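Work through the following exercises with the sequence and the coordinates side by side. Each task is followed by a solution that goes step by step.

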Amino acid sequence: MDIIDLLFDNPCIMAIKDSADLKECIKDDYKNNRIVFVLFGNIETIPNIVEKLKDHDKIVFVHEDLIEGLSSSSLSSSFIKKYTNADGIITTRSQNAAYARRIGLLSILRFFVLDSLSYANVKETLKKQIVILLKYFLVLCQKS
């Protein structure tokens, strides 16, 4: 089964932001939810986090921008590939998404669309990139 089929079968993707979420998402109640976005960790803990998820047959995407100790360099993807069994990465940097694909990882390029200028920039970026998965965050207003 390819990633697009998995997304259709799992429209609700689990995103884990701490150890409590990790423990919750590997429970039997969620065995059919296979895709997990990892939004926490550091360079020492991320290999273990990914391993726990893979042991429970999860498809794992690591948000490399949120992993403490990784830089904004495209080498972050190399670290993820070399030291974990993650299936892919999430990033806000188009050059990192492209590099991740070149080294065999799936990549999600995350955009923040705040206004019409941001939207125009997204369109220009998409003309230059081949993106497998795209995550839009449309922020029109923030309520307190």
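The model is predicted, so local features need pLDDT of at least 70 and side-chain atom pairs count only at pLDDT 80 or more, whereas totals for chains, interfaces and linings use all residues. Residues are numbered from 1 along each chain as its sequence is written, and side-chain values use heavy atoms, with hydrogens and water left out.

**Exercise 1.** Determine which residue of β2 is the bridge partner of Ile-16, and follow the chain from β2 to β3.

Solution. Helices (H or I, at least four residues) and strands (E, at least two) are taken as DSSP runs, numbered from the N terminus. Two strands pair if DSSP finds at least two bridges between them; β1 (residues 14–16) and β2 meet this with three bridges in the parallel sense, and in β2 the partner of Ile-16 is Val-38. The next step is the connection: β1, helix α2 (residues 19–25) and β2 form a right-handed β-α-β unit, where right-handed means that, with the strands pointing away from the viewer, the path from the first strand over the helix to the second runs clockwise. On the other pairing, β2 and β3 (residues 59–63) are parallel over four bridges, with Ile-35 opposite Ile-59. The chain passes from β2 through helix α3 (residues 46–55) to β3, again as a right-handed β-α-β crossover.

**Exercise 2.** Establish which way the side chains of β2 (residues 35–38) point, and whether they are buried or exposed.

Solution. Buried means under 20% relative accessible area, exposed over 50%, and partly exposed in between, for a 1.4 Å probe and protein chains only. Ile-35 and Phe-37 point one way, Val-36 and Val-38 point the other way, and all are buried. In a regular strand the side chains alternate between the two faces of the sheet.

**Exercise 3.** Decide where the buried residues of α4 (residues 75–83) lie around the helix, and what they pack against.

Solution. Ser-76, Ser-77, Phe-79 and Ile-80 are buried in α4. Seen down the helix axis, these residues fall within an arc of 155°, taken over the directions from the axis to the C-beta atoms, so they line one face. Leu-75 and Lys-82, on the other side of α4, are exposed. The buried residues pack against α3, β3, β4 (88–91) and α5 (94–102), with contact meaning heavy atoms within 4.5 Å.

**Exercise 4.** Find how many disulfides there are, and describe the exposure of Cys-12 and Cys-25.

Solution. With a disulfide defined as a pair of cysteine sulfur atoms within 2.5 Å, the count is zero. Cys-12 is exposed at a relative accessible area of 55%, whereas Cys-25 is buried at 3%.
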